[in-house]
Amino acid sequence: MAEKPQPVEVLYCAVCGLPAEYCEFGSEFEKCKPWLIQNAPDLYPDLLKDSNGKEADKVSDQLQSTSISEGSSTSKQEEVKRLPGGKIKKKERQEIVIEKVTRNRRKSITTIKGLDLFGVKLSDASKKLGKKFATGASVVKGPTEKEQIDVQGDISYDIVDFITETWRDVPASAVFFVEDGKKVPAV
């Protein structure tokens, strides 16, 4: 008689819950790597090589970050956030970008981006803009999934003065207009 087939024993990842062979296709592969190195080193031999290289990189980074300070002058290095894949996340620049978008030939919308970086509550700002310029103003998500204020009409003639007078934390040098796809300082 033929032998009965034995059930296959599947090793499931404790981090993401997928079978260990499929962790690389999951959304949390970076979090799974330490678990995979420890529990399933035969599935991903490249991870073992990478982990040894990363440990060497960490040691060299620590040695570079410890510098001997001369007297009272100390050099502070900016905190750099590393993303998966070795990319470096840059700190957002505090600037306000004002863009006029024309729709239906005569209608226009003025878009204000970056006002929230100065600690301004966007819902309050849209109300103030709507009252000041007697137009509709709303907070919407832009194409980059960040919130921005859309104001009906072309209010670019007075907007810089209004922003700098209403919110004192916003310097006029941080306001830019977008003209023909290029940022131009408002001042």
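**Figure 1. The whole chain at a glance, with four helices and eight strands in its secondary structure.** The model shown here, as in every view below, is a predicted one. If you trace the protein chain along its sequence, the elements come in the order α-α-β-β-β-β-α-β-β-α-β-β. The chain has 187 residues, and buried residues make up 26% of them. Its accessible surface comes to about 14500 Å², and carbon and sulfur atoms account for 50% of that area. Take the contacts between residues at least 6 apart in sequence: 37% of these join residues at least 24 apart.

**Figure 2. Strand β3 and its two pairing partners, β4 and β7.** Start with β3, which covers residues 96-103, and β7, which covers residues 175-179: these strands run parallel and are joined by four bridges. A handy landmark for this pairing is glutamate 99, which stands opposite valine 178 in β7. Now turn to β4, residues 107-113, which pairs with β3 in the antiparallel sense over seven bridges. Here the landmark is isoleucine 98, standing opposite isoleucine 112 in β4.

**Figure 3. The hairpin of β3 and β4, with three residues between the strands.** Anyone who likes to check backbone torsions will find two positive phi values to look at here. Asparagine 104 takes a positive phi near 50° in this hairpin. Arginine 105 has a positive phi as well, of about 65°, although it is not a glycine. Arginine 105 sits in the loop between β3 and β4. Its relative accessible area is 81%, so arginine 105 counts as exposed.

**Figure 4. Helix α3 and its buried face.** Helix α3 has 12 residues, and the distance from its first C-alpha to its last is 16 Å, close to the 16 Å expected at 1.5 Å a residue. The buried residues in α3 are Leu122, Ala125, Ser126, Leu129, Gly130 and Phe133. Seen down the axis of α3, these buried residues fall within an arc of 135°, so they line one face of the helix. The spacing makes sense, because an α-helix has 3.6 residues a turn and residues three or four places apart point the same way. What do the buried residues of α3 pack against? They pack against β4, β5 (137-141), β6 (147-152) and α4 (159-166). On the other side of α3, Lys127 and Lys131 are exposed.

**Figure 5. A close-up of serine 126 in helix α3, residues 122-133.** Is serine 126 buried or exposed? Its relative accessibility is 8%, which is under the 20% cut-off, so serine 126 counts as buried. The side chain of serine 126 also has a partner inside the chain: it reaches the backbone oxygen of serine 123 at 2.8 Å. Leaving aside neighbours within four places in sequence, the contacts of serine 126 are Ala137, Ser138, Val139 and Ile149.

**Figure 6. Alanine 134, the residue that follows α3.** Alanine 134 lies in the loop between α3 and β5. Its phi is near 55°, a positive value in a residue other than glycine. With a relative accessible area of 69%, alanine 134 is exposed. For a distance to check in your viewer, try alanine 134 and glutamine 152: they are 18 residues apart along the chain, and their C-alpha atoms are separated by 9.4 Å.

**Figure 7. Valine 139 in strand β5, with its surroundings.** Valine 139 has a relative accessible area of 32% and is therefore partly exposed. Which residues does valine 139 touch, not counting those up to four places away in sequence? They are Leu122, Ser123, Ser126, Glu147, Gln148 and Ile149. The contact with Ser126 leads back to Figure 5, where Val139 is among the contacts of serine 126. Valine 139 and lysine 127 are 12 residues apart in sequence, and their C-alpha atoms are 9.6 Å apart in space.

Conventions. Residues are numbered from 1 along each chain as its sequence is written. This is a predicted model: local features need pLDDT of at least 70, side-chain atom pairs count only at pLDDT 80 or more; totals for chains, interfaces and linings use all residues. Side-chain values use heavy atoms; hydrogens and water are left out. Buried means under 20% relative accessible area, exposed over 50%, partly exposed in between (1.4 Å probe, protein chains only). A polar contact is a pair of N or O atoms within 3.5 Å; within protein, one must be able to donate a hydrogen and the other to accept it, and residues adjacent in sequence count only if both atoms are side-chain atoms. Contact means heavy atoms within 4.5 Å. Two strands pair if DSSP finds at least two bridges between them. Accessible areas come from the Shrake-Rupley method with a 1.4 Å probe; for residues, only the protein chains shown count as cover. The expected span of a helix is 1.5 Å times one less than its number of residues. The arc is that of the directions from the helix axis to the C-beta atoms.
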